[in-house]
Every structure is written in C-alpha cells, then in structure tokens.
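Here is a short report on helix packing and salt bridges. Look over the sequence and the fold before reading on.

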Amino acid sequence: MSDSTQLILAALIGIAVIVVLITVAKLHPFLSLTLGSLAVGAMAGMPMADVLESFSTGVGDTVAGVGMLIALGAMFGKLLADSGGADQIVDTIIGKSSDRMLPWAMAGIGALIGLPMFFEIGLVLLMPVIFLVARRSGKSLIALGIPALAGLSAMHGFVPPHPGPLVAVDALDADLGLTLGLGVLVAIPTIIVAGPMFAKVATRWVDIPAPDLFSTDETVTHEKRPSFALTLATVLLPVVLMLAKTVADIIEAEGIVRSTLDFIGTPLVALLISVLVALFTFGRAGGMEWQKIMDSLGASLGPIAGIVFIVGAGGGFKQTLIDTGIADVVAGWVEDTDFSVLVVAWLVAVLIRLATGSATVATVTASGIMAPLAEGLSTPEVSLLVLAIGAGSVFFSHVNDAGFWLVKEYFGMTVGQTIKTWSLMETVLSVSGLVFVLLLGLVV
C-alpha cells in the first residue's frame with residue numbers, strides 16, 4: 001500500500017470511527033473525537049507520542065482561540081438577553097417584518113454580522129437573537145437559523161475583507177476591489193438559495209424548538225430596557241472593531257494608528273471590549289443592578305462548557321489530520337487535471353475542506369496550489385478564481401469541523417439532524433456559489 005493511499009484510508013477510518021461511536025454507540029462527542037484522532041494517527045503510521053502531541057496541540061490552539069471567544073460571546077449574549085436588549089431587537093424585527101419575511105431578515109443579519117468575522121465568532125453573537133426570534137415568532141428554529149447561518153458562511157467564504165478571501169487575494173495577486181464587488185454579486189444569490197429557499201426544505205426534515213440556552217425568564221417584564229439604537233450599536237461594536245483592523249490592513253496604515261487598530265481589532269480584544277461596554281449599554285441601561293450583572297456573567301459560562309470541550313476535541317482531530325500530510329496528498333491528486341481552472345480550484349478546496357474540516361486551511365492551501373495557474377489569467381478571472389476557492393472551502397461541513405459541533409450543540413440537534421440541515425446547507429451554498437462564479441465568468 002502506498003503512503004498516500006494509507007493516509008487517505010486513515011482519514012476515512014478515523015471519520016467512520018467518530019460517526020459510529022456517536023451515532024451507534026451513543027458515546028459522548030468529546031470521547032469519540034479523541035478516539036477518532038488516535039485511530040487516524042495509528043492508521044497513518046505516526047508514532048503514538050506524535051499523535052498525542054498533535055491532538056493536544058490542536059485542542060490547546062482551538063480552546064485558546066475559539067474557546068475564549070465562545071466564553072466572551074456567551075457573556076455578551078447573556079447580558080443581551082437578561083437586560084431586555086434582545087427583546088428589543090426581537091420585537092423590532094418581528095414588528096418590522098412580516099411572517100413571510102422573517103427568514104430573509106435573519107439572512108441579512110447573518111450576512112452583516114459575518115462580513116468581517118470568523119464564522120464561530122458571528123455564530124456566538126447571533127445565537128441569542130436566533131433563539132429569541134424563534135421563540136417569540138413561533139417559527140421553526142431551522143426556518144430562521146439556516147438563513148442566518150447561510151449569511152454568516154457566505155461572508156466567510158466569498159467576501160473580503162474576511163480573512164479567508166484576503167489570504168486568497170494576496171496569494172493569487174488579485175485585485176481586492178474587484179474581488180469584493182464580484183464577491184458581493186456571488187454572495188447575494190448564493191445566500192438566497194442556501195438560506196431562505198433551502199430552509200423551507202430543511203424545515204420539513206428537521207423541526208426542533210429553540211433550546212433554553214441564553215434564555216431568560218419569559219414571565220419577566222423589563223420596566224426598563226436598552227433602546228433599539230443603543231442595543232444595535234452594541235451588537236455591531238465587535239463587528240466594527242474587527243472591521244477596523246481589516247481596513248488598516250487594506251489601507252496599509254502605519255505607526256500608532258496601525259498598532260492601535262491591530263490591537264483593538266483582534267477578535268479576543270474586540271469581544272472583551274464589547275463585553276465591558278455591554279456592562280453599561282445592556283446592563284445599566286437595562287436597569288440591572290451591578291450584582292445582577294455579575295450574576296448574569298457567571299451564569300453564562302456553565303451552559304457552554306461542554307461546547308468548548310467538544311469544539312476543542314474537534315480542533316485536535318483536525319490537527320491530527322493536518323499533521324499526517326493528508327492535505328498535501330489531496331492537493332497532489334488534482335493539481336495536474338484538465339478541468340476548467342475555476343472547477344479545479346473549487347475541487348482542490350473541497351477535498352482539503354473534507355479532509356481537514358477547516359475552511360481557512362482549504363483556502364490557504366488551495367490558493368498556494370493555484371497560484372502558478374493564476375499568472376496567465378486576466379484580472380477578472382483571478383478574482384473569480386479567489387471566489388471559486390472560497391466556494392469550495394465551505395463544502396459539506398462534517399465531524400472534523402469545529403463549526404459542525406458548534407451548530408450541533410447550540411441548536412441541540414443530533415448528528416443526523418445536523419447533517420440534514422447544516423451540512424447540506426453548506427453543500428448547497430458551495431455548489432450554488434460555484435455555479436454563480438461560472439456564470440459570472442461568462443460575462444466578465
């Protein structure tokens with residue numbers, strides 16, 4: 001058996017182990033992901049000490065990064081709910097939108113929040129709003145959650161100044177402004193197809209109530225609550241802070257301006273600042289006493305502890321796959337194919353995404369592989385190449401993707417329900433995104 005075949009087989013066996021342990025043996029996802037990582041390393045022929053090191057590194061990096069963001073996002077979301085600010089947003093959205101337009105409104109909110117942010121960050125910020133709108137409107141959580149997730153994911157894959165597309169723009173030497181414009185043109189119809197339209201189908205397959213996470217006592221009436229303008233401004237604050245960092249990258253700011261924007265625009269710092277601001281704009285403006293605000297912060301951490309560890313184990317599994325070299329094997333298989341360069345770029349990103357579970361890893365690796373092929377393309381074609389890679393990078397999220405476990409745990413779904421909704425939504429988004437990229441290629 002060749003080394004490449006052994007690596008592919010190891011990855012497939014590892015994924016199968018996780019799926020069987022969770023769905024058949026009903027083992028906790030944290031333990032299943034841990035055992036799956038050990039199985040991948042053993043099948044790939046890695047020394048078990050190296051497997052443990054890779055897994056531990058992945059867990060540590062994920063918890064240190066995403067775990068901290070989840071904790072801060074949970075605090076932010078709990079304050080938003082307990083202060084009455086979420087009620088204010090929900091009442092306004094429901095009041096301004098007809099029942100038929102609610103999914104479209106949620107898709108727009110998801111796209112707005114997801115513009116400059118990693119998916120995981122946008123998700124933890126959106127969860128309280130999605131849950132409360134679902135509870136208050138009486139609509140299915142899937143009918144409202146899928147459009148919001150589609151908006152988030154489309155921004156993640158297609159539109160600069162999101163980090164993924166920016167990496168591809170830099171690696172392929174694409175025109176940023178043109179890529180941004182074409183990215184919006186691709187993202188809008190893609191969100192429509194994968195969001196409100198697909199949600200109508202997914203709701204027939206999975207119909208679940210909004211879980212109690214981030215909920216507050218529905219019988220409590222807030223005599224005082226933050227205004228809609230103040231609440232919306234606070235919700236958008238981390239978005240603006242992180243966008244400021246990206247703008248600094250684009251305009252190549254220097255000196256103290258650059259260092260300041262780099263610092264406050266770091267996701268961890270941006271969310272930390274936002275939580276501190278929310279103590280006053282949500283808590284005090286909502287009439288909450290200081291001790292009650294502190295109690296709310298403390299109460300926010302318990303429900304998300306399990307999510308943090310499951311996501312961390314998913315990061316460990318992903319790191320184990322990466323360290324086996326499977327992404328390099330997959331890339332080598334498709335580099336010399338005779339397909340359209342846009343289709344090849346999409347396929348490279350798809351295969352790396354399936355193997356590693358990371359949209360960012362898929363984007364970075366596919367961009368590096370396609371860079372030599374981009375040299376002979378026109379400026380618009382290079383921008384479309386960036387978007388094709390972005391479309392492939394979000395294909396079929398499954399058990400090796402931290403986002404899969406975030407969605408599963410937040411929504412309280414089984415693995416099967418998550419595949420029927422979130423995983424298929426990502427696939428629809430990826431395929432429809434490629435279709436719109438190819439259609440744009442006919443006219444630019």
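The report covers two helix pairs, one residue at a helix contact, and then the salt bridges. The model is predicted.

**Helix packing**

Two packed helices are described by the angle between their axes and the distance between the axes.

Start with helix α2 (residues 29-44) and helix α3 (residues 48-82). Their axes come within 9 Å and cross at roughly 140 degrees. An angle over 145 degrees would count as roughly antiparallel. α2 and α3 are therefore oblique to each other. The crossing of α2 past α3 is right-handed. On the α2 side, L33, T34, S37, L38, G41 and A42 make the contact. On the α3 side, M48, V51, L52 and F55 take part. Sorted by class, the contact of α2 with α3 has seven nonpolar residues, three polar ones and no charged residues.

α3 also packs against α6. Here the angle is about 20 degrees, and the axes lie 9 Å apart. Angles under 35 degrees count as roughly parallel, so α3 is roughly parallel to α6. α3 passes α6 in a right-handed crossing. From α3, the residues that meet α6 are V66, L69, I70, G73, F76, G77 and L80. Their partners in α6 are E120, I121, V124, L125, P128 and V129. By class, the contact of α3 with α6 holds ten nonpolar, two polar and one charged residues.

**A42 in helix α2**

A42 sits in helix α2. Is A42 buried, partly exposed or exposed? A42 is partly exposed, with a relative accessible area of 46%. Which residues does A42 contact, leaving aside neighbours within four places in sequence? They are M48 and V51. G14 is 28 residues from A42 in sequence, and their C-alpha atoms are 9.6 Å apart.

**Salt bridges**

How many salt bridges does a search of the whole structure find? The search finds six. Among them are the three tabulated here.

| Pair | Closest N to O distance |
|---|---|
| K139 and D99 | 3.6 Å |
| R353 and D401 | 3.4 Å |
| E409 and K408 | 2.9 Å |

Take K139 and D99. K139 lies in the loop between α6 (119-137) and α7 (141-158). D99 lies in the loop between α4 (85-96) and α5 (102-114). The pair therefore ties together parts that are 40 residues apart in sequence. K139 is partly exposed, at 22% relative accessible area. D99 is also partly exposed, at 48%.

Next come R353 and D401, whose side chains meet in a salt bridge. This pair links distant parts of the chain, 48 residues apart. R353 belongs to helix α16 (residues 341-356). D401 is in the loop between α18 (379-392) and α19 (402-411). Are R353 and D401 buried or exposed? Both R353 and D401 are buried.

Then there is the bridge between E409 and K408. E409 has 24% relative accessibility and counts as partly exposed. K408, at 11%, counts as buried, because the cut-off for buried is under 20%.

Some salt bridges share partners. Such sharing joins R353, D401 and E426 into one network.

Note on methods
Residues numbered from 1 in each chain as written. Predicted model: local features only at pLDDT ≥ 70, side-chain atom pairs only at ≥ 80, totals over all residues. Heavy atoms only, no water. Axes fitted to C-alpha atoms, helices over the stretch in contact; angles between N-to-C directions. Helix = DSSP H or I, 4+ residues; strand = E, 2+ residues; numbered from the N terminus. Parallel < 35°, antiparallel > 145°, perpendicular 65-115°, else oblique. Left-handed = near helix turned anticlockwise from the far one by under 90°. Contact = heavy atoms within 4.5 Å. Nonpolar A, V, L, I, M, F, W, Y, C, P; charged D, E, K, R; others polar. Salt bridge = Lys/Arg side-chain N within 4 Å of Asp/Glu carboxyl O. Buried < 20%, exposed > 50% of the residue type's maximum accessible area, 1.4 Å probe, protein only.
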